[in-house]
Each structure stands twice: as C-alpha cells, then as structure tokens.
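Thanks for coming, everyone. Let me put the structure up, and then we will walk through it piece by piece.

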Amino acid sequence: MNKVFIEGMTCDHCVASVKEALEKIPGVSNVVVNLEEGFATYEGLASDTMVQKAIEAIGFNVKQEEEDCG
C-alpha cells in the first residue's frame with residue numbers, strides 16, 4: 001500500500017477529484033482518500049513522479065510525509 005499526503009483538500013468534491021485522478025494512472029487501484037488526515041492510499045507500482053503530476057494537474061500539492069513526533 002502506498003501513501004501520499006495532499007495539501008488543499010477541503011471537501012468531498014476534492015476527495016472525488018483526487019480519487020479519479022489517481023485511478024486514471026495505469027496500474028493504480030484501490031484508491032482511498034482521507035479528507036480529515038489529508039492523504040490518499042493506493043495499490044500499484046506507479047512512480048512518485050506520476051502520482052505527484054496527477055495530483056498537481058488537478059490543483060493540489062503533494063507534501064512530504066508527516067513525521068511522527070510521538
């Protein structure tokens with residue numbers, strides 16, 4: 001399972017847009033977008049660059065993985 005953190009999602013429409021964009025990447029499946037936590041998970045071997053470009057193409061930003069402070 002892969003995880004990508006996304007900045008700028010504010011509503012269910014944003015979630016649907018991100019899910020659709022990631023599902024269009026060849027080989028990506030089982031996309032789940034978590035609005036509250038600001039990330040998406042997916043299965044597949046898509047490169048980080050492909051995922052980032054798909055997210056940025058719809059107006060959102062990819063951010064670095066949040067580090068656990070606990």
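**A walk through the fold**

Let's start at one residue, Val18. Set aside its neighbours within four places in sequence. Val18 is then in contact with Ile6, Met9, Val33, Ala40, Ile58 and Phe60. Keep in mind as we go that this is a predicted model.

Now widen the view to the core. Which residues of the largest nonpolar core touch the most other members? They are Ile6, Val18, Leu22 and Val51, out of 18 residues in that core. Where does the core come from? At least two residues each are supplied by β1 (2-7), α1 (12-23), β2 (29-34), β3 (39-43) and α2 (48-57). The largest share is from α1, with four residues.

Next, the sheet. It is an open sheet of four strands. Read across it and the order is β2-β3-β1-β4, with antiparallel pairing. Which strands sit at the edges? Those are β2 and β4, and β4 covers 61-63. Each of the two pairs on one side only. From one strand to the next, the twist averages 35 degrees.

What lies on this sheet? Helix α1 packs on it, touching β1, β2 and β3. The direction of α1 makes about 155 degrees with that of β2.

Let's take the strand pairs one at a time. Begin with β2 and β3. How many bridges join them? Four, in the antiparallel sense. One example is Ser29, whose bridge partner in β3 is Glu43. The two strands also form a hairpin, with four residues between them. In that turn, Gly38 has a positive phi of about 75 degrees.

There is a second positive phi to point out. Asn30 is found in strand β2. Phi of Asn30 is near 50 degrees, and this is a residue other than glycine. Is Asn30 buried or exposed? Neither label fits: Asn30 is partly exposed, because its relative accessible area is 47%, and the partly exposed class runs between 20% and 50%.

On to β1 and β3. They pair in the antiparallel sense over four bridges. Lys3 has Thr41 as its bridge partner in β3.

Stay with Thr41 for a moment. It is in strand β3. Why does Thr41 count as buried? Its relative accessibility is 14%, and the cut-off for buried is under 20%. Again, leave aside the neighbours within four places in sequence. Thr41 is then in contact with Met1, Asn2, Lys3, Asn30, Val31 and Val32. So the list includes Lys3, its bridge partner.

The last pair is β1 and β4. This one is antiparallel too, over three bridges. Phe5 has Lys63 as its bridge partner in β4. Ile6 has Val62.

Just after β4 comes the segment that holds Gln64. How far is Gln64 from Ile6 in space? The C-alpha to C-alpha distance is 8.8 Å, while 58 residues separate the two in sequence. Gln64 itself is exposed, because its relative accessible area is 72% and the exposed class starts over 50%.

Here is a comparable case on the helix. Ala16 is found in helix α1. Ala16 and Val33 are 17 residues apart in sequence and 8.2 Å apart in space, C-alpha to C-alpha. Ala16 counts as partly exposed, at 43% relative accessibility.

One more feature, the largest pocket. What is its volume? About 220 Å³. The pocket is lined by 11 residues. Nearest its centre are Lys3, Val4, Asp48, Val62 and Lys63. Which elements give two or more residues to the lining? β1, α2 and β4 do.

Some of those names have come up already. Lys3 is the residue that bridges to Thr41 in β3. Val62 is the bridge partner of Ile6, and Lys63 is the bridge partner of Phe5.

To recap for anyone new to this structure. Four strands form an open sheet in the order β2-β3-β1-β4. Helix α1 packs on that sheet, and α1 also gives the largest share of the core. The largest pocket takes two or more lining residues from each of β1, α2 and β4. That's my tour. Over to you.

Notes. Residues numbered from 1 in each chain as written. Predicted model: local features only at pLDDT ≥ 70, side-chain atom pairs only at ≥ 80, totals over all residues. Heavy atoms only, no water. Core = buried A, V, L, I, M, F, W, Y, C linked by side-chain atoms within 4.5 Å. Buried < 20%, exposed > 50% of the residue type's maximum accessible area, 1.4 Å probe, protein only. Contact = heavy atoms within 4.5 Å. Pairing = 2+ DSSP bridges. Axes fitted to C-alpha atoms, helices over the stretch in contact; angles between N-to-C directions. 1 Å grid on protein atoms, 1.4 Å probe; cavity = no way out; pocket = protein on both sides within 12 Å on 5 of 7 lines; lining within 4 Å. Points joined across faces, edges and corners; volume = space filled by probe spheres on them.
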